[in-house]
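This report describes a single protein chain, taking its charged pairs, its nonpolar interior and its principal pocket in turn. The sequence and structure are shown below.

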Amino acid sequence: FWFEDGKHLLRTHTSGLQIRGMKDRTPPVKFIGPGGVFRCERTDQWHDFAFFQLEGLLIDKGVSVAHLLYFAKTLFQELFRTEVEIRTRPSYFPFVEPGLEIDMRRDGGKWVEMLGSGMIHPNVLKHMGVDPDVYSGFAFGIGLDRLLLMRYGVEDIRHLRSGDLRFVKQFASYRSGGEP
C-alpha cells in the first residue's frame, strides 16, 4: 500500500526490526519485536491485508538450524499446551540462508504454515557489525493474528477487524484471568 506521493509504503514485514535492534547491541542477542504490517493480499478465512507480525532474532556462538527447530517446536507446544509436530519447507527470504517455512500440526490434524524463518545470512551479520566467522543466528516472523485464531478457535480472521462488539465480548473472561 503506497501513499499518494509514491515514495512511502506501509510496512509489509517486520524484518527491519533486526537491523534496528542490533544498532546498539553486541552478541549474544535475543529479542522480539511486534508490529502491524500491510500486504496487498486476497482476504479469506486465514489471510487479511493488515495483520500483526512478531519478528524474532537470536545471535550467539554456535547457533544452528537445530536451535531454530527446537525453538519453534517448544513455542508451539507452550502456546497450544499440547504435543505438536513440525515440518520444514524451503522458502526464499532475502535476509536468511537457508530460508524455511515451518509448518505445525497437532493431534494428527492438518498442517498449518506458522513461521517464515532461517539462518541469518553472513552478509546481514556483517552489516550488523557482527563477525559471521564467530557468530551465527536465526530469525523468524510469525503472524500473531493466525496464532489467535488457532489458540482460541476463531474461524475467520476477518472477525478481528469487524468492529462487532459481540465478537470482542466473548474474550472478556480471558482478560480478567479466565482460562482459555
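The side chains of Arg89 and Glu113 form a salt bridge in this predicted model, with an N to O distance of 3.7 Å. The two residues lie 24 residues apart, Arg89 in strand 3 and Glu113 in strand 5, so the pair links distant parts of the chain. Arg89 also meets Asp103 in a salt bridge, at 2.7 Å from N to O. Here too distant parts of the chain are linked, since Asp103 belongs to strand 4 and is 14 residues from Arg89. Arg87, Arg89, Asp103 and Glu113 are linked in a network of salt bridges.

The partners differ in burial. Asp103 is buried, with a relative accessible area of 2%, while Arg89 is partly exposed at 31% and Glu113 is partly exposed at 39%. The model has eight salt bridges, among them the three tabulated here.

| Salt bridge | N to O distance |
|---|---|
| Arg89 and Asp103 | 2.7 Å |
| Arg89 and Glu113 | 3.7 Å |
| Asp156 and Arg158 | 2.7 Å |

In the pair of Asp156 and Arg158, Asp156 counts as buried because its relative accessibility of 15% is under 20%. Arg158, at 40%, counts as partly exposed.

The largest nonpolar core comprises 20 residues, and Phe76, Phe80, Met104, Met114, Leu115, Phe138 and Ile142 have the most contacts inside it. Strand 2, helix 2 (65-80), strand 4, strand 5, strand 6 and helix 4 each give two or more residues to this core. A second, separate core has 13 residues, including Met22, Ile59, Val130 and Ala139. Beyond four places in sequence, Met114 touches residues including Phe76, Phe80, Ile102, Asp103, Ile142 and Met150.

Helix 4 contains the buried residues Asp145, Arg146, Leu147, Leu149 and Met150. The buried residues of this helix pack against strand 2, helix 2, strand 4, strand 5 and strand 6. Just after helix 4, Gly153 adopts a positive phi of about 70°.

The largest pocket encloses about 610 Å³ of space. Its lining comprises 31 residues, of which Arg39, Gln53, Phe93, Gly116 and Gly141 are the closest to the centre. Strand 2 (50-60), strand 4 (96-106), strand 5 (112-120), strand 6 (136-143) and helix 4 (144-152) each supply at least two lining residues. Strand 5 gives the most, with six. By class, the lining holds 13 nonpolar, ten polar and eight charged residues.

Terms used. Residues numbered from 1 in each chain as written. Predicted model: local features only at pLDDT ≥ 70, side-chain atom pairs only at ≥ 80, totals over all residues. Heavy atoms only, no water. 1 Å grid on protein atoms, 1.4 Å probe; cavity = no way out; pocket = protein on both sides within 12 Å on 5 of 7 lines; lining within 4 Å. Points joined across faces, edges and corners; volume = space filled by probe spheres on them. Helix = DSSP H or I, 4+ residues; strand = E, 2+ residues; numbered from the N terminus. Nonpolar A, V, L, I, M, F, W, Y, C, P; charged D, E, K, R; others polar. Core = buried A, V, L, I, M, F, W, Y, C linked by side-chain atoms within 4.5 Å. Buried < 20%, exposed > 50% of the residue type's maximum accessible area, 1.4 Å probe, protein only. Contact = heavy atoms within 4.5 Å. Salt bridge = Lys/Arg side-chain N within 4 Å of Asp/Glu carboxyl O.
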